[in-house]
Amino acid sequence: MVVSLMIIGLRDGLNLKGTTMSTVINCECGLVIQAQSDDALVEATMKHVEQDHPELVGKIGHEDILNWAEEAS
Ligand SMILES: [Zn+2]
């Protein structure tokens, strides 16, 4: 399965630090992961990856997850 999530890079233009807005990650499997902080988002995403995308474990890190994050609208 092609993992399109790997090519989504949306860090530029986002202001993820020091805001009260929640952030989301739209996973390529269709799951939307939403959290109130970067740390919570990373933790939730890591758990999802471990469960549903084990082939990505060890290939993605904190930085990658934050790169995928978008502001919740
Ligand atoms: Zn997924």
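This passage walks through a predicted model of a small set of helices and strands, from overall layout to single residues.

To start with the big picture, the protein has 2 helices and 3 strands. Going along the sequence, these follow the pattern β-β-α-α-β. Of the 73 residues, 14% count as buried. Looking at contacts between residues at least 6 apart in sequence, 51% join residues at least 24 apart.

How far can the model be trusted? The mean pLDDT is 81, and 71% of the residues reach 70 or more. Among the helices and strands, helix 1 has the highest confidence, at 95, while strand 3 (residues 70-71) has the lowest, at a mean of 90. Then there is the stretch of residues 1-15, where the pLDDT is below 50. Leaving out near neighbours in sequence, this stretch has 16 contacts in the model. A bit of caution applies here, because coordinates predicted with low pLDDT should not be read in detail.

Next comes the sheet. The 3 strands form an open sheet in the order 2-1-3, and the pairing is antiparallel. Strand 2 and strand 3 stand at the edges with a single partner strand each, so one side of each has no neighbour in the sheet. Strands in a sheet are held in pairs through backbone hydrogen bonds, and the pairing can be parallel or antiparallel. Here, strand 1 and strand 2 run antiparallel and are joined by 4 bridges, whereas strand 1 and strand 3 pair in the antiparallel sense over 2 bridges.

The pairing can be followed residue by residue. Asparagine 26 stands opposite valine 32 in strand 2, and isoleucine 25 has isoleucine 33 as its bridge partner in that strand. Threonine 23 has a bridge partner on strand 2 as well, alanine 35, and it also stands opposite glutamate 71 in strand 3. Between strand 1 and strand 2, the hairpin has 5 residues, and glycine 30 takes a positive phi near 105 degrees in this hairpin.

Which way do the side chains of strand 1 point? In a regular strand, side chains alternate between the two faces of the sheet. Strand 1 shows this alternation: Thr23 and Ile25 point to one face and are buried, while Val24 and Asn26 point to the other and are not. Threonine 23 counts as buried because 22 other C-beta atoms lie within 10 Å, and the cut-off for that label is 20 or more. Threonine 23 also sits 5.5 Å from glutamate 70, C-alpha to C-alpha, although the two are 47 residues apart in sequence.

Now for helix 1, which covers residues 38-52. With 15 residues at 1.5 Å a residue, this helix should span 21 Å, and its end C-alpha atoms are indeed 21 Å apart, so the two agree. Helix 1 lies across strand 1 and strand 2, running at about 150 degrees to strand 2.Which residues of helix 1 are buried? They are Leu41, Val42, Thr45 and Val49. These residues cover an arc of only 95 degrees around the axis, which puts them on the same side of helix 1. An α-helix has 3.6 residues a turn, so residues three or four places apart point the same way. The face turned away from the buried side carries the exposed residues Asp39, Lys47, Glu50 and Gln51. What covers the buried residues includes strand 1 (23-26), strand 2 (32-35) and helix 2 (62-68).

Helix 2 also contains histidine 62. Histidine 62 is partly exposed, because 14 other C-beta atoms lie within 10 Å. The C-alpha atoms of histidine 62 and leucine 41 are separated by 9.6 Å, and the two residues are 21 residues apart along the chain.

Conventions: Residues are numbered from 1 along each chain as its sequence is written. This is a predicted model: local features need pLDDT of at least 70, side-chain atom pairs count only at pLDDT 80 or more; totals for chains, interfaces and linings use all residues. The expected span of a helix is 1.5 Å times one less than its number of residues. A residue is buried if 20 or more other C-beta atoms lie within 10 Å of its own, exposed if 12 or fewer, and partly exposed in between; C-beta atoms are placed from the backbone. The arc is that of the directions from the helix axis to the C-beta atoms. Two residues are in contact if their C-beta atoms, placed from the backbone, lie within 7 Å. pLDDT is the predictor's confidence in each residue, from 0 to 100. Two strands pair if DSSP finds at least two bridges between them.
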